[in-house]
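This report looks at which side chains meet inside one protein chain, and at where those meetings take place along the sequence. Please keep the sequence and the structure in view while reading.

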Amino acid sequence: MSDQQQLAVAHRVLAGIAKGDLDPVALSVDFTFYGDLTGSLDREEFVAGVAQLKTILQAPLTMRIVAITEQERRLAVEAESEGVLIDGNQYHNNYHFLFVFDDSGRVNYLREYNNTRIVAELMWPLFDNQGGFGAPGND
């Protein structure tokens with residue numbers, strides 16, 4: 001898979017996260033996500049978690065890619081997001097995503113770094129109210 005194809009897949013995954021509507025076709029069957037607040041999630045858990053974003057956002061996030069570094073099957077992406085949560089709070093965060101691709105060009109591993117304090121203070125309480133991420137028994 002070319003660097004441009006990997007970049008296109010990464011764009012599609014980030015757009016899906018921003019919308020809360022991720023097409024799992026871009027993810028390998030044995031995909032793993034890791035985030036500081038969620039820990040490890042398999043493909044099904046990650047897609048379901050991304051879908052929960054729709055329940056706490058007034059509209060899809062605006063996700064802007066700041067910088068990209070490519071190395072073989074690895075893609076490092078710095079990004080920023082902005083949006084408005086259902087409680088009216090403005091949400092802005094900075095990210096570093098590490099994408100690792102398998103031989104077929106699907107994302108096999110995705111690691112997300114962000115300002116977890118912002119997520120914990122603004123998003124987690126909304127997820128709790130929705131019975132999603134962060135709710136008792138779901139974290």
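In this predicted model, Glu80 has a relative accessible area of 24%, so Glu80 counts as partly exposed, being neither under 20% nor over 50%. The side chain of Glu80 meets that of Arg64 in a salt bridge, with 2.9 Å from N to O. Because Arg64 lies in strand 3 (residues 62-71) and Glu80 in strand 4, this pair ties together parts that are 16 residues apart in sequence. Arg64, at 44% relative accessibility, is likewise classed as partly exposed. Side chains of opposite charge can pair when their charged atoms come close.

How many salt bridges does a search of the whole structure find? The search finds four, and three of them are set out here, including the one just described.

| Salt bridge | Closest N to O distance |
|---|---|
| Arg64 and Glu80 | 2.9 Å |
| Arg73 and Asp103 | 2.8 Å |
| Arg117 and Glu121 | 3.1 Å |

The salt bridge between Arg73 and Asp103 joins two loops: Arg73 lies in the loop between strand 3 and strand 4, and Asp103 in the loop between strand 5 and strand 6, so the pair ties together parts that are 30 residues apart in sequence. Arg73 is partly exposed, with a relative accessible area of 43%, whereas Asp103 counts as exposed at 66%.

The salt bridge between Glu121 and Arg117 is placed within one element, since both residues lie in helix 3, four residues apart, or about one turn of the helix. An α-helix has 3.6 residues a turn, so residues three or four places apart point the same way. Arg117 is exposed, with 54% relative accessibility.

Arg117 also serves as a landmark for a residue far from it in sequence: Leu37 and Arg117 are 80 residues apart along the chain, yet their C-alpha atoms are 9.7 Å apart in space. Leu37 is found in the loop between strand 1 and strand 2, and is partly exposed at 35% relative accessible area. Leaving aside residues up to four places away in sequence, Leu37 touches Thr116, Val119, Ala120 and Trp124.

The next topic is the interior. In soluble globular proteins, nonpolar side chains tend to be buried together. The largest nonpolar core here has 37 residues, and those that touch the most other members are Val13, Ile17, Phe46, Phe97, Phe99, Val107 and Leu110. Two or more residues of this core come from each of helix 1 (3-19), strand 1 (27-35), helix 2 (43-52), strand 4 (74-84), strand 5 (90-101), strand 6 (107-114) and helix 3 (116-130). Helix 1 gives the largest share, seven residues.

Which residues does Leu110 touch, not counting residues up to four places away in sequence? The contacts of Leu110 are with Val13, Ile17, Phe31, Thr32, Phe33, Tyr34, Phe46, Phe97, Leu98 and Phe99.

Helix 2 can be followed in the same way, and its buried residues are Phe46, Val47, Gly49 and Val50. Seen down the axis of helix 2, these residues fall within an arc of 160 degrees, so they line one face of the helix. Among the elements that cover the buried residues of helix 2 are helix 1, strand 1, strand 2 (39-42) and strand 6.

Aromatic rings form a further set of contacts, and the structure holds five aromatic pairs. One of them is the stacked pair of Phe33 and Phe46, with 4.6 Å from centre to centre and 20 degrees between the planes. Because Phe33 lies in strand 1 and Phe46 in helix 2, the pair ties together parts that are 13 residues apart in sequence. Phe33 is buried, with a relative accessible area of 4%, and Phe46 is buried at 5%.

The rings of Phe99 and Phe101 have their centres 6.2 Å apart and their planes at 15 degrees, so this pair is stacked as well. Phe99 is buried at 0% relative accessibility, and Phe101 is buried at 2%. Together with Tyr95 and Phe97, Phe99 and Phe101 form one aromatic cluster.

A charged side chain also meets a ring in this model: Arg111 lies over the face of Tyr113, at 4.0 Å from the ring centre.

Methods: Residues are numbered from 1 along each chain as its sequence is written. This is a predicted model: local features need pLDDT of at least 70, side-chain atom pairs count only at pLDDT 80 or more; totals for chains, interfaces and linings use all residues. Side-chain values use heavy atoms; hydrogens and water are left out. A nonpolar core is a set of buried Ala, Val, Leu, Ile, Met, Phe, Trp, Tyr and Cys residues joined through side-chain atoms within 4.5 Å. Buried means under 20% relative accessible area, exposed over 50%, partly exposed in between (1.4 Å probe, protein chains only). Contact means heavy atoms within 4.5 Å. Rings of Phe, Tyr and Trp (its six-membered ring) pair if their centres lie within 6.5 Å; planes under 30 degrees apart count as stacked, over 60 as edge-to-face and the rest as tilted. A charge sits over a ring if NZ of Lys or CZ of Arg is within 6 Å of the ring centre and within 35 degrees of the ring normal. The arc is that of the directions from the helix axis to the C-beta atoms.
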